[in-house]
Amino acid sequence: MFLELTEALDCPTCQSGFGLVAFVDEAHDRRVTTGWLGCPMCEIEIPIEAGTIHFIPSSEAPTGTPSPDSADVLSDFNPTEDVAVRLAALLGLSEQKGIKVLLGPGLADYALPVVRFGERVEVVAWVEGPSSASFSLDELAEGINPMRSAPDRPWPIRMGSFHGLALKGP
């Protein structure tokens, strides 16, 4: 997790609007690989493991797989590079720097190709379930910020703090 990302995050429990505080156990450059985030208002602790922010306990993480009959808008595009180019264009990566969010099932798989289209871009990628989309330290260093959060809970991003958003429904 990019350390400065804490300014864009908000507590999913109390939604105080004050942001979160990072407590770092291990970091590489400006990337927190192990530690936790804390809310100064409600004192909730949110673990960071392997660079991934866990806004829900692993016991609450979704374990099922999407139903095969659910419509997947991105499945029409092939190869993956085509989808990454379309997402990069949607997010305005050629013109704007800042925090971009990929929110929806399967979009985290496109985080690495998307982040490579921009300079000084941080991509927050919603990761489903405990076994989905893990990233190496090198990929995290390129600007990927994986985040696990329950889909039925408020998204922990402060309003007005990101510069692009790609959404995909279940």
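## Close-up views of a predicted single-chain model

**Figure 1. Overview of the chain and of the confidence of the model.** The mean pLDDT of the chain is 78, with 81% of its residues reaching 70 or more. Over residues 58–79 the pLDDT falls below 50, and beyond near neighbours in sequence this stretch has 16 contacts in the model. The structure shown is a predicted model, and the views that follow should be read in that light. The chain contains 3 helices and 8 strands, and these elements run from the N terminus in the succession β-β-β-β-α-β-α-β-α-β-β. Of the 170 residues in the chain, 44% are buried. Among contacts between residues at least 6 apart in sequence, 55% join residues that are at least 24 apart.

**Figure 2. The open sheet and its two edges.** The sheet is open and has 8 strands, arranged in the order E1-E2-E3-E4-E7-E6-E5-E8 with mixed pairing. Strand E1 (21–28) and strand E8 (164–167) stand at the edges, and because each has a single partner strand, one side of each is left without a neighbour in the sheet. From one strand to the next, the twist averages 20°. In general, strands of a sheet pair through backbone hydrogen bonds, in either the parallel or the antiparallel sense.

**Figure 3. The aromatic pair between strands E1 and E2.** How many aromatic pairs are counted here? The count comes to 1 aromatic pair, and this pair is formed by phenylalanine 23 and tryptophan 36, whose ring centres lie 5.0 Å apart and whose planes meet at 15°, so that the pair is classed as stacked. Planes under 30 degrees apart count as stacked, which is the cut-off that this assignment needs. Since phenylalanine 23 belongs to strand E1 and tryptophan 36 to strand E2 (residues 31–38), the pair ties together parts that are 13 residues apart in sequence. Phenylalanine 23, at 36% relative accessibility, counts as partly exposed, and tryptophan 36, at 27% relative accessibility, likewise counts as partly exposed.

**Figure 4. The pairing of E3 with E4 and the loop that joins them.** Strand E3 (residues 45–49) pairs with strand E4 (residues 52–54) in the antiparallel sense, over 2 bridges. Within this pairing, glutamate 49 stands opposite threonine 52 in E4. The loop between E3 and E4 holds alanine 50, a residue other than glycine whose phi is nevertheless positive, near 55°. Is this alanine 50 buried or exposed? With a relative accessibility of 55%, alanine 50 counts as exposed.

**Figure 5. Strand E6 between its two parallel partners.** Strand E6 (residues 121–126) is mostly covered, with 6 of its 6 residues buried. Both faces of E6 are covered, for Val121, Val123 and Ala125 are buried on one side and Glu122, Val124 and Trp126 are buried on the other. Strand E5 (residues 98–103) pairs with E6 in the parallel sense over 5 bridges, and in this register valine 101 stands opposite valine 124 in E6. E6 also pairs in the parallel sense with strand E7 (residues 144–148), here over 4 bridges, and valine 123 stands opposite isoleucine 144 in E7.

**Figure 6. The nonpolar cores and the surroundings of valine 114.** The largest nonpolar core has 22 residues, and those with the most contacts inside it are Leu87, Leu102, Ala111, Val114 and Val123. Helix H1 (80–90), helix H2 (111–115) and E6 are the elements that give two or more residues to this core. Apart from this core lies another, of 20 residues, including Cys39, Ile48, Trp126 and Met147. When its neighbours within four places in sequence are left aside, valine 114 is in contact with Ala84, Leu87, Ala88, Leu91, Leu93 and Val123. In soluble globular proteins generally, nonpolar side chains tend to be buried together.

**Figure 7. Glutamine 15 in the segment before E1.** Where does glutamine 15 lie? Glutamine 15 is placed in the segment before E1, and its phi is near 45°, a positive value in a residue other than glycine. Most residues other than glycine have a negative phi. With a relative accessible area of 45%, glutamine 15 is partly exposed.

How values were computed:
Residues are numbered from 1 along each chain as its sequence is written. This is a predicted model: local features need pLDDT of at least 70, side-chain atom pairs count only at pLDDT 80 or more; totals for chains, interfaces and linings use all residues. Side-chain values use heavy atoms; hydrogens and water are left out. Two strands pair if DSSP finds at least two bridges between them. Axes are lines fitted to C-alpha atoms, for helices over the stretch in contact, and angles run from 0 to 180 degrees between N-to-C directions. Rings of Phe, Tyr and Trp (its six-membered ring) pair if their centres lie within 6.5 Å; planes under 30 degrees apart count as stacked, over 60 as edge-to-face and the rest as tilted. Buried means under 20% relative accessible area, exposed over 50%, partly exposed in between (1.4 Å probe, protein chains only). A nonpolar core is a set of buried Ala, Val, Leu, Ile, Met, Phe, Trp, Tyr and Cys residues joined through side-chain atoms within 4.5 Å. Contact means heavy atoms within 4.5 Å. pLDDT is the predictor's confidence in each residue, from 0 to 100.
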